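Q: I am new to this structure and would love a close look at how its helices pack against one another. Could you take me through that slowly, with the terms explained as they come up?

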Amino acid sequence: KRQDEVRGEIEKLHKGLAEIAPGENVDDADNLRRLAWTEQTLMLLGGGHLREVVKLTTKHLADFPSDTRAINNQAEALYQSGRWEEALKSLDRSIACDNANYYAHANRCRIRFLRGLAELSDRDADLLGKLQPRQASDLTKAAEAFAFRGEDARVLATCERLHTENWQGDSPKDSALLYHFAAVAHCRRGDGRQAKKLWKQSIRHSDSISFAEDNLNDLRTPVSERSGPFYFSLEYWVSFDVFEELAELSEVFADDDSDESSENVDRLFKKLLSRHPHLQGLVPALLDRGDRLSQMIATELATRFPTRETTDALVSFIRSSRGTDSIRYQTALALKQRGLLLDGELEMIVGGKVSRVALLDFKITDEPNVPPSRDPEVERLAESAYEALQSGDGLAAEEQLRRAVELDSDCLLYTSPSPRDCGPDLVCRLLLENGGGGG
C-alpha cells in the first residue's frame, strides 16, 4: 500500500513537471537538476535578490553553458542591477545558443529601446516579428517588447495569434497579459468598448494581473480625472535601483510646493540624471503610454531639465487627452513659467472637449509678501484695507486700496494673477462688494 502511495505521488510530480516545463525530459536526472536550478533562480529574481541570481546562474552555467533559461535569467538580473551592457552581452550569448529564442530576442529589443539604442531595437523588433512562436509565452514576450516601443499594430497582431494558434487555454497568466496588451492597444486607438471587454477577459484568466483592473478603474473615473490607458506601471520602465530612487523623489516633490522644496527637487533630479542620463530619453514614452506616476515623473523631469525632444513631448502631452486635466494644465503653466511656452492661451482638452484655455497661475493667501522698498503709507493703507475686509466692510476696504494704488501703481491691483509684490504667482483675493462677492 505504501508503495502504491509513493508511485501515485511520483506520477503527480511527473505530471506537474510536464506542465511547468513542457517539452522537457523530466526523467533525466541532470535535466531535473537543471530545472530545479532554474526554478530557484526565478524565485530569487521575483524577490529582487539580484546578486544571488547572478551568483547562482554563474555557477549553474559552469555545468550547463548552453542553458538559455539560465542565461536569460542572468541577463535580467544584470539589467535590473543597472548592469545593462553586461545584460545585453548575456542575451547575445543566449541567442547564439538558440537563434529562435523569443525571450532573448524580446528582452534585447526591450532593453535596447529603454536605454535609447533605437536603431538596434528597431532591428530586434523586425526580427522578432519574423520568428515562429512555439508557445503562448513567446507571444507574451513579443507583445511586451512591442508595447514598450508603442507599436500598437504589432501588439494587436501578436495578441491575435493566441487564438489562431489555439493557445488561449495553455497558460492563464500569458493569456491574461495578452488580453491586457490588446485592450490597451484598442483603447489607444479610440475603441474603449473593445478595450473594456478585453480587460475583463484578462481578469477572468488571471486576477493577479493588476494592470487590467487599474485600467478599468481609470475608465470608470470622470473624463477629466483619467490618466489614459497604459501598458506598464513605472517600475517596469526602469531597473530596480532607478525605480527606488524615483519613488523616493516623487514623495519629495509631492509633499511640498515651496520654492525651497522646488530647488531641492531640482538638485535631486540633477543628481539622478547624472547617474541615469537615459531617463530623459524615456520621457516621450512615459507620457504617451505610462501610468499616472510615470506621467508625473516625466513632466517634473522634463520641465526642470528640458531638451528639445522632451519639450516637444510635453507640448504634445498638453494638447492630448492623455493625463488628467490638472496635470496637463500644471505642466503648461510650468512650461510658461520657464519660458518654454510663449502663448498665454492654448487649446487643451478639458472635460473631454477641446477648449481655449488661459494660463493663469496664482496662490490664494491672506499673507502677501511685501518688498522692503514698499512705501510705509502704502503698507498702512493695505493693512487698513485688510482689517476692513475682515470686519466685512468691503466699501471701506476698496477706498483704502484705491488710495494705496494712487501712491504705488504696483500695489494690490485687481487682476489675477497680480503683478504686485515679489511674484506673478501671488494674488490676494479680496472681497470688494457690499455683502461679499467680487474678487
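A: Here is a walk through one helix and its two partners, followed by another pair and a cavity.

This is a predicted model, where local features need pLDDT of at least 70 and side-chain atom pairs count only at pLDDT 80 or more, while totals for chains, interfaces and linings use all residues. Residues are numbered from 1 along each chain as its sequence is written, and side-chain values use heavy atoms, leaving out hydrogens and water.

Let us start with helix H10, residues 172–188. Helices here are DSSP runs of H or I with at least four residues, numbered from the N terminus. One partner of H10 is helix H8 (residues 136–149), and the two pack at an angle of about 30°, with axes 9 Å apart. The axes are lines fitted to C-alpha atoms over the stretch in contact, and angles between N-to-C directions run from 0 to 180 degrees. H8 and H10 are therefore roughly parallel to each other. On this scale, angles under 35 degrees are roughly parallel, over 145 roughly antiparallel, 65 to 115 roughly perpendicular, and the rest oblique.

The crossing of H8 and H10 is left-handed, meaning that the near helix is turned anticlockwise from the far one by less than a right angle. On the H8 side, the contact is made by Ala136, Ser137, Leu139, Thr140, Ala143, Glu144 and Ala147, and on the H10 side by Asp174, Leu177, Leu178 and Phe181. Contact means heavy atoms within 4.5 Å. By class, this contact has seven nonpolar, two polar and two charged residues. Ala, Val, Leu, Ile, Met, Phe, Trp, Tyr, Cys and Pro count as nonpolar, Asp, Glu, Lys and Arg as charged, and the others, Gly among them, as polar.

Now for another partner of H10: helix H9, residues 152–164, packs against H10 at an angle of about 140°, with the axes 9 Å apart. H9 and H10 are therefore oblique to each other. Their crossing is left-handed. From H9 come Asp152, Val155, Leu156, Cys159, Leu162 and His163, which meet Ser175, Leu178, Tyr179, Phe181, Ala182, Ala185, His186 and Arg188 of H10. Those residues divide into nine nonpolar, three polar and two charged. Leu178 and Phe181 of H10 take part in the contact with H8 and also in the contact with H9.

For another pair, look at helix H3 (residues 50–63) and helix H4 (residues 68–80), which pack at an angle of about 150° with axes 9 Å apart. H3 and H4 are therefore roughly antiparallel to each other, and their crossing is left-handed. The residues of that contact comprise eight nonpolar, six polar and no charged.

Finally, the structure holds one cavity of 30 Å³ or more. A cavity is a set of points, on a 1 Å grid over the protein atoms alone, where a 1.4 Å probe fits but cannot get out, and its lining residues have an atom within 4 Å of a point. The largest cavity has a volume of about 40 Å³, volume being the space filled by probe spheres set on the points, which are joined across faces, edges and corners. Helices H15 (279–289) and H16 (292–304) each supply at least two residues of its lining. That lining has eight nonpolar, no polar and no charged residues, among them Leu234 and Leu246.

Notes:
1 Å grid on protein atoms, 1.4 Å probe; cavity = no way out; pocket = protein on both sides within 12 Å on 5 of 7 lines; lining within 4 Å.
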